[in-house]
Amino acid sequence: MVFLTRRAVFSASHYYWNEFWTAEKNRQVFGRCANRNGHGHNYTLEVTVAGEPDPVTGFVVDLKWLKDVMEREVLAAYDHKHMNLDAPEFACVIPTTENIAIAAWKRLEPAITAAGGARLSRIRVYETPDIFAEYRGPHEQVFVRGVKDRGEA
Amino acid sequence: MKAYFGRRYLLSASHRLHTAAFTAEQNRAAYGKCNNEHGHGHNYVVEVLVGGAVDAETGMVMDLVKLDETVRARVLDRFDHANLNLDPLFADRVPTTENFCKAIFALLRDALPLGELEHVRVEETENNYFECSLGG
């Protein structure tokens with residue numbers, strides 16, 4: 001099994017806001033990210049696929065094909081867009097880095113699976129060089145639910 | 001649904017790779033220039049990856065501010081601008097980056113909710129790094 005990763009960069013704006021909370025609670029939990037006028041990032045999207053190299057080409061997948069899929073499925077929807085306002089999946093879901101990683105998986109997985117061969121293995125979304133979220137697919141469940149640091153805010 | 005959240009931190013520390021179990025010659029042979037008597041230092045990058053359910057209300061795996069506070073209290077305040085050899089954790093262990101990574105993993109695992117710490121990666125330089133994970 002070989003893992004192959006391709007990166008792409010997109011620039012987008014967003015804000016964090018839970019409609020069921022008061023403005024005060026939103027500001028308390030999300031801090032500066034709750035600014036309703038939004039703010040932006042240069043995101044880095046990392047897509048990892050897993051498979052065996054083709055015996056003829058030596059490719060796990062064709063990198064140009066993967067680039068095209070990433071541009072068509074993700075960058076066309078997110079690059080130079082406002083995540084909350086332009087991407088339908090974030091109409092009711094807060095576009096945190098975690099949720100962007102999950103949404104990118106949902107956008108990419110059908111096209112990669114349909115092509116046969118390699119499978120989608122991992123999505124990483126870097127919000128800044130020092131902050132990232134990762135999603136490895138719906139098969140991974142939380143086996144120990146941590147509660148100590150949740151729901152207190 | 002499980003997702004992961006990662007954060008990178010910087011700390012600067014000195015160390016010397018040397019073990020009392022070896023002769024001076026054996027230490028030089030095993031550790032090379034890292035055995036220099038007066039030590040040397042690195043800008044370490046500590047990457048912390050936590051995994052868990054994405055909270056339905058916040059959209060977050062873990063509050064970044066709380067993670068920062070935990071890493072600061074347990075790791076950065078202790079090791080940043082310190083000599084690793086003088087820390088009690090390394091009284092009987094050589095502060096290789098492997099052992100440093102294991103120590104940081106244990107300190108954070110004990111401070112975070114059960115099962116949330118997925119891995120710790122410590123980059124000693126741009127060209128080498130070490131990882132400890134939950135299963136390891």
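Two strands count as paired if DSSP finds at least two bridges between them. With that settled, I started on chain A: Val49(A) stands opposite Leu120(A) in strand 4 of chain A. Strands and helices here are DSSP runs numbered from the N terminus, helices being H or I over at least four residues and strands E over at least two.

Ground rules, for my own sake. This is a predicted model, and local features need pLDDT of at least 70, side-chain atom pairs count only at pLDDT 80 or more, while totals for chains, interfaces and linings use all residues. Residues are numbered from 1 along each chain as its sequence is written, and chains are lettered from A and ligands numbered from 1 in the order in which they are written.

**Entry: strands of chain A**

I looked up the partners of strand 4 (residues 119-128) of chain A. Strand 2 (residues 39-51) of chain A pairs with it in the antiparallel sense, over seven bridges. Strand 5 of chain A also runs antiparallel to strand 4 of chain A, joined to it by five bridges. I checked the turn as well: a hairpin of two residues links strand 4 of chain A to strand 5 of chain A. Within that pair, Tyr126(A) has Phe132(A) of strand 5 of chain A opposite it.

**Entry: Phe3(A)**

I picked Phe3(A), which sits in strand 1 (residues 2-14) of chain A. Is Phe3(A) buried or exposed? It counts as exposed, because I find 12 C-beta neighbours inside 10 Å. The cut-offs, with C-beta atoms placed from the backbone, are 20 or more other C-beta atoms within 10 Å for buried, 12 or fewer for exposed, and partly exposed in between. Leaving out residues up to four places away in sequence, Phe3(A) touches Thr48(A), Ala50(A) and Ser121(A). A contact means C-beta atoms, placed from the backbone, within 7 Å. Ala50(A) is 47 residues from Phe3(A) in sequence, yet their C-alpha atoms are 4.4 Å apart.

**Entry: where the chains meet**

I then went to the contact between the chains, which takes 27 residues from chain A and 24 residues from chain B. On the chain B side, strand 1 (2-15) and strand 2 (40-53) each supply at least two residues. Strand 1 of chain B gives the most, with seven residues. By class, the chain B side has 11 nonpolar, five polar and eight charged residues. I use nonpolar for Ala, Val, Leu, Ile, Met, Phe, Trp, Tyr, Cys and Pro, charged for Asp, Glu, Lys and Arg, and polar for the others, Gly among them.

Strand pairing crosses the chains too: strand 5 (residues 131-135) of chain A and strand 1 of chain B are antiparallel partners over four bridges. Here Phe132(A) stands opposite Gly6(B).

**Entry: helix pairs**

In chain A, I took helix 2 (residues 63-78) and helix 4 (residues 97-114), whose axes come within 9 Å and cross at roughly 135°. Helix 2 of chain A and helix 4 of chain A are therefore oblique to each other. Their contact residues include Val69(A) and Met70(A) of helix 2 of chain A, and Ala104(A) and Leu108(A) of helix 4 of chain A. That contact holds seven nonpolar, no polar and two charged residues.

In chain B, the axes of helix 2 (residues 64-79) and helix 3 (residues 97-111) come within 10 Å and also cross at roughly 135°. That makes helix 2 of chain B oblique to helix 3 of chain B. The bins are under 35 degrees for roughly parallel, over 145 for roughly antiparallel, 65 to 115 for roughly perpendicular, and oblique for the rest. Axes are lines fitted to C-alpha atoms, for helices over the stretch in contact, with angles from 0 to 180 degrees between N-to-C directions.

Notes. Two residues are in contact if their C-beta atoms, placed from the backbone, lie within 7 Å.
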